[in-house]
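Morning, everyone. Please have a look at the model on the screen, and then I'll walk you through a few points.

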Amino acid sequence: MKKILVIGATLMALSSQAQKVIPCLSDEVYVESVKQFPEIKLEENRATAIAAAPVLQKKGVVKYIPVVFHVIHKNGLENISITQLNDALRVMNEDLRKLSGTNGGSSTDPLATDMEYEFRLAQFDPNGLPTNGVNRIYNVGTDNARDAQKAISYWDARKYFNVWVVNTISNSSGDPNSIVLGYAQFPFQLNSQTSTDGIMGRADQFGAIELADASQAGRTLTHEAGHWLGLYHPFQGGCVGGTSTSCLSYGDQVCDTPPVSTATTGCPSSRNSCTNDSPDKPDLIKNYMDYADGNCMNMFTVGQKTRVDQIMNTYRANIYSSTNLSAAGLNADGSYKTLTASATKAPYTFGFDVSSLSGSGWVLENYMSPGDSGWQVGSTGPLSGTGCMVSQNLKNTRLNVRNAFLSPNIDITTLSSPSLTFYMAYARRSTVSGDRIRVFISNSYGRSEILLRTILATELATGTTSTSAFVPSNTEWKKYTIDLSPYKAYTNCKIRIELQSLRGNNIYFDQFSIAEPTGISERLKQEMNFSVFPNPAKDLVSISFENKQVGTVEMELFDLQGKLVQPVSKARYEAGLNQINMDLKGLQSGVYLLKVQTDNGSFVHKLWVE
Ligand SMILES: [Ca+2]
Ligand SMILES: [Ca+2]
Ligand SMILES: [Ca+2]
Ligand SMILES: [Zn+2]
């Protein structure tokens with residue numbers, strides 16, 4: 001049934017000799033499942049009957065499915081980044097939606113269709129708590145993983161699409177020279193095998209960036225998702241199901257996919273492996289459910305969509321129901337529910353002058369260096385105060401180790417031109433040191449990250465190249481500034497600083513700040529001769545400012561939690577001196593922030609109420 005192909009493996013963590021690549025193990029695992037749970041075969045027959053009598057589905061209704069990635073790792077390269085996981089989702093969604101500008105979108109085959117299914121990282125976990133949709137668990141079960149290892153991390157499969165990321169997958173035949181790329185469980189197995197429902201894939205099959213195997217273009221997952229949605233291989237059973245009376249019950253049980261004798265390999269320009277179909281049509285080489293190269297595949301068919309809609313409606317309707325989406329933090333239209341704004345408000349600064357990060361909201365992700373070469377707070381060499389972040393990178397002997405630390409969620413909507421600043425100090429170990437820092441931003445719990453900046457070793461180096469541990473002097477720190485204005489609507493802004501280690505020396509980080517750009521707001525404040533009197537005040541304050549020319553000035557009073565206490569004024573003011581009074585009666589004593597927005601920018605003025 002399964003053709004095994006041989007390619008020169010370039011996959012990670014493997015020897016360079018040729019390996020048998022098994023693109024998909026779903027059929028073999030299914031046979032094992034039926035042995036264990038014979039009733040699945042009856043359920044499959046029922047699914048066949050249901051799919052053969054399709055009820056007309058509403059077109060144009062996209063079904064959204066919450067996803068959780070379980071990354072089982074042993075601090076190795078299989079612990080892929082959220083950037084790579086997001087790229088994996090991108091490929092699956094592009095393929096399922098036949099999005100224009102992608103491989104699928106360019107298909108002109110009249111049978112090619114938008115499947116109208118889309119995956120979204122979960123925003124809430126099964127307990128309703130915030131999540132970025134990724135569970136990372138250290139477990140040596142990441143090697144030769146199979147169904148048994150799914151228990152290491154699992155969420156209710158009726159509510160989430162479980163995807164397990166592992167280093168290697170065990171092959172049924174036990175052939176040590178074969179590698180399995182992925183496998184899926186069919187929808188009609190759900191009731192018998194709930195806790196293993198989902199797909200498992202090798203870490204290098206996720207997406208098409210970073211550590212991904214470029215030759216598959218991330219489409220191993222598209223293929224496995226196809227099984228999870230209810231599709232078989234077009235070569236299922238070989239040259240059967242090729243007539244109008246047999247196509248719904250034999251082969252892949254889809255009528256518009258011609259039968260295929262054995263799996264397609266590579267990307268042939270044409271192939272007709274079965275000639276007993278009537279009418280005799282060429283194989284659909286580019287079908288995602290065959291085994292052509294990832295870059296070759298580009299279509300699901302109309303018939304496949306009809307089958308999927310039937311099967312999904314029968315077995316998985318709950319997962320895309322609006323109630324379930326809501327519980328996972330999604331709206332019915334696939335957008336994310338608005339999050340409660342973080343209680344931590346910008347302007348925000350943190351100097352790492354602490355002995356431990358606990359309670360600070362800062363989080364370490366030293367997935368690849370659980371020892372002391374990952375990021376930690378340290379008291380050696382800080383730019384200011386008593387501490388700073390340090391990675392004793394000199395001890396990182398493995399290459400491309402990635403360790404990160406993350407800021408708390410910060411509401412930056414309190415700023416008009418949020419600006420991120422921080423300082424770093426670093427030295428190279430030698431001229432080949434290729435370490436790099438990447439700075440990411442996201443809204444809400446680290447999901448859907450955007451890369452803000454990549455800083456290479458040449459730019460990072462502030463100290464003298466040395467093979468002994470680098471400790472910076474005060475003059476060996478460098479300031480970095482990144483404009484966050486494009487993200488100023490983020491109510492839960494999270495910054496992730498990631499070091500990718502490549503033979504360098506120690507690296508230090510201090511004085512993190514998200515605030516209005518210094519200079520600009522201060523200058524504006526000065527130019528306007530902005531003043532508040534008295535300050536501290538009790539019942540009434542007088543605000544005065546000068547306008548160079550006529551223009552709008554808007555003032556709002558916030559408390560330190562960033563909650564709007566009262567709008568103060570929004571009006572056009574004449575050129576020259578302007579004065580307004582603000583009533584403070586009823587305000588609790590404490591510190592307030594007066595946000596002033598003008599045509600030329602904005603600033604925040606602190607106000608003390610007695
Ligand atoms: Ca068929
Ligand atoms: Ca044919
Ligand atoms: Ca410090
Ligand atoms: Zn398959």
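How many residue pairs are in polar contact across the interface of domain 2 and domain 3, with both at pLDDT 80 or more? Zero. Keep in mind that this is a predicted model.

Let me step back to the layout. The domain assignment splits the protein chain into three parts: domain 1 is 21-51 + 60-233 + 307-327, domain 2 is 348-515, and domain 3 is 520-609.

Now, domain 2 against domain 3. Over C-alpha atoms, their centres are 35 Å apart. Four residues of domain 2 and five residues of domain 3 make the contact.

What about area? Interface size is often quoted as the accessible area lost when the parts come together. Between domain 2 and domain 3, about 330 Å² is buried. Carbon and sulfur atoms supply 48% of that.

Who sits on the domain 2 side? One nonpolar residue and three polar ones touch domain 3. No charged residue is there. And salt bridges between domain 2 and domain 3? The count is zero.

Last stop: the metal. Which protein atoms are donors to the calcium ion, ligand 1? Asp252 gives OD. Val254 gives its O. Thr257 appears twice, with O and OG1. These donors lie 2.3 to 2.6 Å from the ion. Along the chain, the spacing reads D-x1-V-x2-T.

Are the aspartate and the threonine buried or exposed? Aspartate 252 is buried, and threonine 257 is buried too.

That's my tour. Over to you.

Terms used:
Residues numbered from 1 in each chain as written. Chains lettered and ligands numbered in written order. Predicted model: local features only at pLDDT ≥ 70, side-chain atom pairs only at ≥ 80, totals over all residues. Heavy atoms only, no water. Domains from an automatic or database assignment. Contact = heavy atoms within 4.5 Å. Buried area = accessible area lost by both parts, 1.4 Å probe. Salt bridge = Lys/Arg side-chain N within 4 Å of Asp/Glu carboxyl O. Polar contact = N/O pair within 3.5 Å; in protein donor to acceptor, adjacent residues only side chain to side chain. Nonpolar A, V, L, I, M, F, W, Y, C, P; charged D, E, K, R; others polar. Donors = N, O, S within 2.8 Å, 3.2 Å for Na, K, Ca; no water. Buried < 20%, exposed > 50% of the residue type's maximum accessible area, 1.4 Å probe, protein only.
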